[in-house]
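Reader: I am in my first year and would like to understand how the side chains of a protein pair with one another. Could you take me slowly through a close look at the pairs of side chains, and at the places where they lie?

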Amino acid sequence: MKTIPLWAESVNMQRNELIKIIVTEIEKLQLEHPVRVGVSGITASGKSTLAQEIALEIVSRGYPCIKASIDDFHHPKKVRYSEALSLAHAYYKNAHDYDALIERLLKPLGKGGSLIYQTQSLDLETDIPVNPEPQVASINTILVVDGTFLFKEKLNDYWDFRIFVETDFEIALKRGIQRDQARLGGELSTEKRYLERYHKASKMYINDCHPISKAQVIVNNNDINFPELIKIS
């Protein structure tokens, strides 16, 4: 009979405790290739911060760790902002280059992979494709990737461990405005961008792909200091 941890049903805890529990779960995976961890969630849910904290804890335990982001695998602007699609549909369908992510990073670190990988295909600031020097991973490496749409059908089978960061849209919107308003032209412009592009696309992702049902762990991140951890499988 499978033993269910005491925190399985839903427990709020301090962040450092939550991170340690998640990494302990990842440690239990015994694979013949690097463990590939996907951290997904709506825009401004806190997934990038959580992924970075997980990566730091992994390193502190003596494992080599690759920290990567879907943001380094974007399509060029001319594809991301297709005139034939609404802002939200263009972002949902065309923002990221999944083929590059698979071929450069996920497949090489998977079963039978070469272990030779790259963590970028496009410089988002300059909108210029890049071809960084390939690196070589060891078998005990743990890869941690953050991104909004990581559990889409095309990518889902490439993850060995899935984490979904669940945050209310209203809370994520406030965080996003605070974080991005200097970059996106002010508070009102940022709010509009989130409502019409990022969060509308995130709702498409949740409705189409049901990412919560695919995750081994859900982290409710409404309270950053005391997040809620849910173990679902």
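**Charged pairs and an aromatic cluster**

Author: R179 counts as exposed, because its relative accessibility is 52%, where exposed means over 50% relative accessible area, buried under 20%, and partly exposed in between, for a 1.4 Å probe and protein chains only. This is a predicted model, in which local features need pLDDT of at least 70 and side-chain atom pairs count only at pLDDT 80 or more, while totals for chains, interfaces and linings use all residues. Residues are numbered from 1 along each chain as its sequence is written, and side-chain values use heavy atoms, with hydrogens and water left out.

The partner of R179 is D180, and the closest N and O atoms of this salt bridge are 3.1 Å apart; the term stands for a side-chain nitrogen of Lys or Arg within 4 Å of a carboxyl oxygen of Asp or Glu. Whereas R179 is exposed, D180 is buried, its relative accessible area being 5%. Salt bridges that share partners also join K20, E27, E57 and R61 into one network. Within that network, the side chains of E57 and R61 meet with a distance of 2.8 Å from N to O. E57 is buried at 12% relative accessible area, and R61, at 28%, counts as partly exposed.

Another of these bridges joins K67 to D146, with 2.5 Å between the closest N and O atoms. K67 belongs to strand β3 (residues 65–69) and D146 to strand β8 (residues 142–146), so this pair ties together parts that are 79 residues apart in sequence. Strands (E, at least two residues) and helices (H or I, at least four) are DSSP runs, numbered from the N terminus. K67 counts as partly exposed, at 28% relative accessibility, while D146 is buried, at 3%. In total, the structure holds 12 salt bridges.

From the charged pairs we can turn to the rings. The structure holds five aromatic pairs, that is, rings of Phe, Tyr and Trp (its six-membered ring) with centres within 6.5 Å, counted as stacked if the planes are under 30 degrees apart, edge-to-face if over 60, and tilted for the rest. In one of these pairs, the ring centres of Y91 and F149 are 5.5 Å apart and the planes stand at 65°, so the pair is edge-to-face. Y91 lies in helix α4, and F149 in the loop between β8 and α6 (153–156), so parts that are 58 residues apart in sequence are tied together by this pair. Y91 is buried, at 8% relative accessible area, and F149 is buried too, at 1%.

F149 takes part in a further pair, with Y205: here the ring centres are 5.3 Å apart and the planes are at 65°, so this pair is also edge-to-face. With F149 in the loop between β8 and α6 and Y205 in helix α8, the pair ties together parts that are 56 residues apart in sequence. Y205 is buried as well, with a relative accessible area of 1%. The two pairs belong to a wider group, for Y91, Y92, F149, Y194, Y198 and Y205 form one aromatic cluster.

It helps to look next at the two helices that have just been named. In helix α4 (residues 87–94), the buried residues are A88, A90, Y91, Y92 and N94, so that two members of the aromatic cluster, Y91 and Y92, are listed among them. The cover over the buried residues of α4 includes α3 (77–80), α5 (98–106) and α8.

What does E196 touch, leaving aside residues up to four places away in sequence? E196 touches L87 and A88, a contact being heavy atoms within 4.5 Å. E196 itself lies in helix α8 (residues 187–209), and it is partly exposed, with a relative accessible area of 35%. The C-alpha atoms of E196 and A88 are 6.2 Å apart in space, although the two residues are 108 residues apart in sequence. Helix α8 thus appears several times in this close look: it holds E196, it holds Y205, the ring partner of F149, and it is part of what covers the buried residues of α4.
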